[in-house]
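User: I would like a close look at a single part of this model, followed outward to whatever surrounds it. Please take the nonpolar interior as the starting point.

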Amino acid sequence: MPSESGVSPEPSASESGPAAPMTSPRAAVQAYFDAAKAGEADKAVEAFATDGMAAVEGKPTAQGTDALTTLFKELFKTKMIATHTFDEARVVDGVAFVRTTSTEGSEKYREFFILKKSGGEWKIERFINNSASE
């Protein structure tokens, strides 16, 4: 698994407790994935900036805490049983991007996250996913 440029890897919230700080871009994305697997929309939103945006395949774009909460509550009605692979993570001039691949059953998805630091923690600014083609 490729490492982040200039950022040390962080354990997931499940490895280090529920209040793990999002001290790296990867840790913030892992916090989102952990919340998704647990079906916790409010925890997922905590990984996002207050004006964060998510463009999830098949759903209207959601921007801001209220819209993200509504989106994730809808998405998490069905328990997520997925595996996630971190394909790439980079930090350039205080902005990071993380590219992941997720597999849930026979479905494969590509995810792309843009993150910025806020209050000493990395927060997801933008998130987009779509089905991966073979």
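Which residues of the largest nonpolar core touch the most other members?

Analyst: The model is a predicted one, and what follows should be read as a description of that prediction. The largest nonpolar core holds 29 residues, and those that touch the most other members are Tyr32, Phe48, Phe72, Phe113, Leu115, Ile124 and Phe127. Two or more residues of this core come from each of helix H2 (25-38), helix H3 (41-46), strand E1 (48-55), helix H4 (65-75), strand E3 (83-92), strand E4 (95-104), strand E5 (107-118) and E6, and H2 gives the most, with 7 residues. In soluble globular proteins, nonpolar side chains tend to be buried together.

These elements belong to a protein chain with 4 helices and 6 strands, which run α-α-α-β-β-α-β-β-β-β from the N terminus on. Of the chain's 134 residues, 42% count as buried, and among contacts between residues at least 6 apart in sequence, 43% join residues at least 24 apart.

Helix H2 deserves attention in its own right. H2 is mostly covered, since 12 of its 14 residues are buried; the buried set includes Pro25, Arg26, Gln30 and Asp34 alongside Val29, Tyr32 and Phe33. From its first C-alpha to its last, H2 reaches 20 Å, close to the 20 Å expected at 1.5 Å a residue. After the helix comes Gly39, whose phi is positive, near 70°. Within H2, the buried Tyr32 shows how the core is joined across the sequence: leaving aside neighbours within four places, Tyr32 is in contact with Ala44, Ala47, Phe48, Phe72, Phe76, Phe113, Ile124 and Phe127.

Moving outward from the core, strand E5 also holds Phe112, which is partly exposed, with a relative accessible area of 31%. Not counting residues up to four places away in sequence, Phe112 touches Phe97, Val98, Arg99, Arg126, Phe127 and Ile128, and Phe127 is among the core residues that touch the most other members. Ile128, placed in strand E6 (residues 121-131), is likewise partly exposed, at 46% relative accessible area. Together with Val95 and Ile114, Phe112 and Ile128 make a nonpolar surface patch of about 290 Å². The protein chain as a whole exposes about 7,300 Å², of which carbon and sulfur atoms supply 51%.

The charged side chains around these elements add a further layer, with the count coming to 5 salt bridges. Lys59 forms a salt bridge with Glu74, the closest N and O atoms being 2.6 Å apart; because Lys59 lies in the loop between E1 and strand E2 (62-63) and Glu74 in helix H4, the pair ties together parts that are 15 residues apart in sequence. Lys59 is partly exposed at 30% relative accessible area, as is Glu74 at 40%. In the salt bridge between Arg90 and Glu88, the closest N and O atoms are 2.7 Å apart; Arg90 is partly exposed at 41%, whereas Glu88 counts as buried at 19% relative accessibility. For Glu121 and Lys123, which also form a salt bridge, the closest N and O atoms are 4.0 Å apart. Salt bridges that share partners join Asp87, Glu88, Arg90 and Arg99 into one network.

One backbone detail completes the view: Asp93, in the loop between E3 and E4, has a positive phi of about 50° although it is not a glycine, and Asp93 counts as exposed at 78% relative accessibility.

Conventions: Residues are numbered from 1 along each chain as its sequence is written. This is a predicted model: local features need pLDDT of at least 70, side-chain atom pairs count only at pLDDT 80 or more; totals for chains, interfaces and linings use all residues. Side-chain values use heavy atoms; hydrogens and water are left out. Buried means under 20% relative accessible area, exposed over 50%, partly exposed in between (1.4 Å probe, protein chains only). Contact means heavy atoms within 4.5 Å. Accessible areas come from the Shrake-Rupley method with a 1.4 Å probe; for residues, only the protein chains shown count as cover. Patches are made of residues with over 30% relative accessible area and no salt bridge: like charges are joined within 9 Å, nonpolar side chains (Val, Leu, Ile, Met, Phe, Trp, Tyr) within 5 Å. A nonpolar core is a set of buried Ala, Val, Leu, Ile, Met, Phe, Trp, Tyr and Cys residues joined through side-chain atoms within 4.5 Å. The expected span of a helix is 1.5 Å times one less than its number of residues.
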